[in-house]
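Please load the model in your viewer and keep the selection box handy. We will go from stop to stop, and at each one you will hear what to select and what is there.

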Amino acid sequence: MFLPSEAQRASANGKSDYRLEEPPSSDSSPDTEGVSPELEKAGLLNKTKIAEGGRKLRKNWNPSWVVLVGNSLVFFKDPKSQNPDSWKPGNSRPESSVDLRGAQLQWADDLSSRKNVFKLRTITGNEFLLQSETESLIREWYRTIQNVIDRLVSLKHTHTHTHINIVLHHVTLKTGCPARAQTCSSVCLISDQVFGCGLELLCEREKSTVPQFVRKCTDAVERKGLETDGIYRVSGNLAVIQKLRFAVNHERLDLDDPQWEDIHVITGALKLFFRELPEPLVPYGFFQDIVETVKLSDYEEKVERLKHLVLSMPPPNHHTLRHMIQHLRRVMECSDSNRMTTQNIGIVFGPTLMRPENESGNMAINMVYQNQAVELLLSEYQQIFGAEQTASY
């Protein structure tokens with residue numbers, strides 16, 4: 001997230017807003033493509049909660065710094081009540097968060113004397129009103145949130161299908177070919193895919209501890225994309241990313257082919273690869289330990305414990321994480337050109353590389369620690385992983 005200067009910040013009446021994305025080109029729109037579900041938008045809006053679990057509440061309007069990230073809308077205290085120039089999610093505790101899965105939006109000017117109001121209702125029966133004095137701004141927020149809600153519905157179906165495929169693959173490995181030849185043929189095809197395949201299975205098949213696709217993408221970025229403004233933050237064209245995904249799963253991939261010339265397509269596909277892993281790169285069993293480690297106040301103890309956790313990961317996870325952090329450090333070294341600082345990389349890759357097995361009401365807090373864990377891996381790379389290595393594992 002590129003934080004605004006004080007002059008860019010929204011005032012309490014919500015008359016301005018800060019977009020996290022650069023103005024999109026005609027073929028690269030983060031709101032319409034849905035490729036990058038990490039961080040969508042942030043800005044100052046007026047907010048009130050009017051129902052909790054179906055029980056009506058009295059309106060109490062307050063300005064709130066709103067961050068749309070992943071499948072959540074996260075509310076922070078108005079940054080003007082803190083030091084505006086130093087505000088960021090990492091040092092500001094969220095007041096609350098809203099899970100957008102199954103949520104509903106509707107315009108609600110009839111529910112308030114204020115104008116430009118819409119209502120957000122969660123699947124658990126909580127209801128919020130969000131408002132801005134600027135009509136175009138609130139309509140932009142409405143459209144962006146609705147796009148995320150629609151995308152989550154689509155992702156739910158995709159992930160269900162992927163999970164079924166993975167289960168079929170494991171059944172085949174354990175029991176041999178199913179009785180029906182057609183089913184067996186389908187499962188064998190699934191086992192050869194890259195996206196959605198378990199990391200250990202993929203690396204075993206490729207006889208490597210870092211997937212070939214990951215290496216190809218990071219190599220391509222380092223050859224021709226390190227100085228690209230917003231690298232890994234700006235979304236690529238979804239149709240082209242899906243075409244690349246198909247090519248990876250069904251044929252040999254040459255990232256020097258002109259059809260993949262947009263570096264944001266390559267970075268978008270790499271992030272998609274990690275999000276489609278059946279289990280995150282940082283295994284579920286490590287997530288809570290990493291969160292507890294990041295909370296430690298003693299910095300040296302924090303680094304030492306994180307080092308121990310990383311070393312305890314299965315070899316494919318350990319080596320792939322090392323490869324990615326080493327690569328992201330090279331991205332960070334060009335931050336004067338690409339504006340991807342340690343903090344910005346942490347925001348993008350925190351939820352991409354690690355997440356809890358069961359999402360809960362703590363997602364907003366988890367997001368902060370996910371980001372901080374990646375920042376710590378970047379800052380203390382040599383202490384945690386040892387000296388940088390360029391040889392293949």
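Start with the rings: this predicted model holds 10 aromatic pairs. To visit one of them, select Y232 and F349 and show their side chains; the ring centres are 5.1 Å apart and the planes meet at 70 degrees, so this pair is edge-to-face. The pair ties together distant parts of the chain, since Y232 sits in the loop between helix 5 and helix 6 while F349 belongs to helix 12 (residues 342-353), 117 residues away. Are these two partners buried or exposed? Y232 is buried, with a relative accessible area of 1%, and F349 also counts as buried, at 1% relative accessibility.

Stay on Y232 for a moment and look at its backbone. Its phi is near 75 degrees, a positive value in a residue other than glycine. As background, most residues other than glycine have a negative phi.

While the rings are displayed, add F195, F213, F273 and F274, which form one aromatic cluster. Now centre the view on F213. Beyond its neighbours within four places in sequence, F213 is in contact with V194, F195, L244, V248, L253, A269, L270 and F273.

**The large nonpolar core**

F213 also leads into the next stop. Which residues have the most contacts inside the largest nonpolar core? They are F213, I290 and L321, in a core of 65 residues. Colour helix 7 next: with 8 residues, helix 7 gives this core its largest share. A second core lies apart from it, with 21 residues that include F75, F128, I138 and I149. Such groupings fit a general tendency: in soluble globular proteins, nonpolar side chains tend to be buried together.

**Helix 5**

Select residues 212-224, which make up helix 5. If you like checking geometry, place a distance between the C-alpha atoms at its two ends: they are 18 Å apart, and that agrees with the 18 Å expected for 13 residues at 1.5 Å a residue. Which residues of helix 5 are buried? Show F213, V214, R215, C217, T218, A220 and V221 as sticks, and you have the buried set. To see what covers them, bring up helix 6 (238-250), helix 7 (263-275) and helix 10 (315-333), which are among the covering elements.

**Strand 7 and its partners**

Move to residues 117-121, strand 7; 4 of its 5 residues are buried, so the strand is largely enclosed by the rest of the structure. Add its partners one by one. Strand 6 (residues 104-107) runs antiparallel to strand 7 and is joined to it by 4 bridges. On the other pairing, strand 8 (residues 127-131) is also antiparallel to strand 7, over 5 bridges.

L120 is a handy marker here. In strand 6, L105 stands opposite L120, and L120 in turn stands opposite F128 in strand 8. If you follow the chain from strand 7 into strand 8, you pass through a hairpin with 5 residues between the two strands. Pause in the turn at G125, where phi is positive, at about 90 degrees.

Next, select F118, another residue of strand 7. F118 is buried, with a relative accessible area of 0%. What is F118 in contact with, leaving aside neighbours within four places in sequence? Display L105, Q106, W107, A108, F128, L129, L130, I138, W141, Y142 and I145 around it. For one of these, try a distance: F118 and Y142 are 24 residues apart in sequence and 7.5 Å apart in space, C-alpha to C-alpha.

Step back along the chain to N116, in the loop between strand 6 and strand 7. N116 has a phi near 60 degrees, a positive value in a residue other than glycine. It is buried as well, with a relative accessible area of 11%.

**Zooming out**

Finally, return to the whole chain in cartoon view: there are 14 helices and 8 strands. Colouring by burial brings out the 53% of the 393 residues that count as buried. Switch on the surface, and the exposed area is about 18000 Å², of which carbon and sulfur atoms supply 49%. As for contacts between residues at least 6 apart in sequence, 66% join residues at least 24 apart.

Definitions and conventions
Residues numbered from 1 in each chain as written. Predicted model: local features only at pLDDT ≥ 70, side-chain atom pairs only at ≥ 80, totals over all residues. Heavy atoms only, no water. Expected span 1.5 Å × (residues − 1). Buried < 20%, exposed > 50% of the residue type's maximum accessible area, 1.4 Å probe, protein only. Contact = heavy atoms within 4.5 Å. Areas by Shrake-Rupley, 256 points an atom, 1.4 Å probe, with all protein chains shown as cover. Pairing = 2+ DSSP bridges. Core = buried A, V, L, I, M, F, W, Y, C linked by side-chain atoms within 4.5 Å. Phe/Tyr/Trp six-rings, centres within 6.5 Å; stacked < 30°, edge-to-face > 60°.
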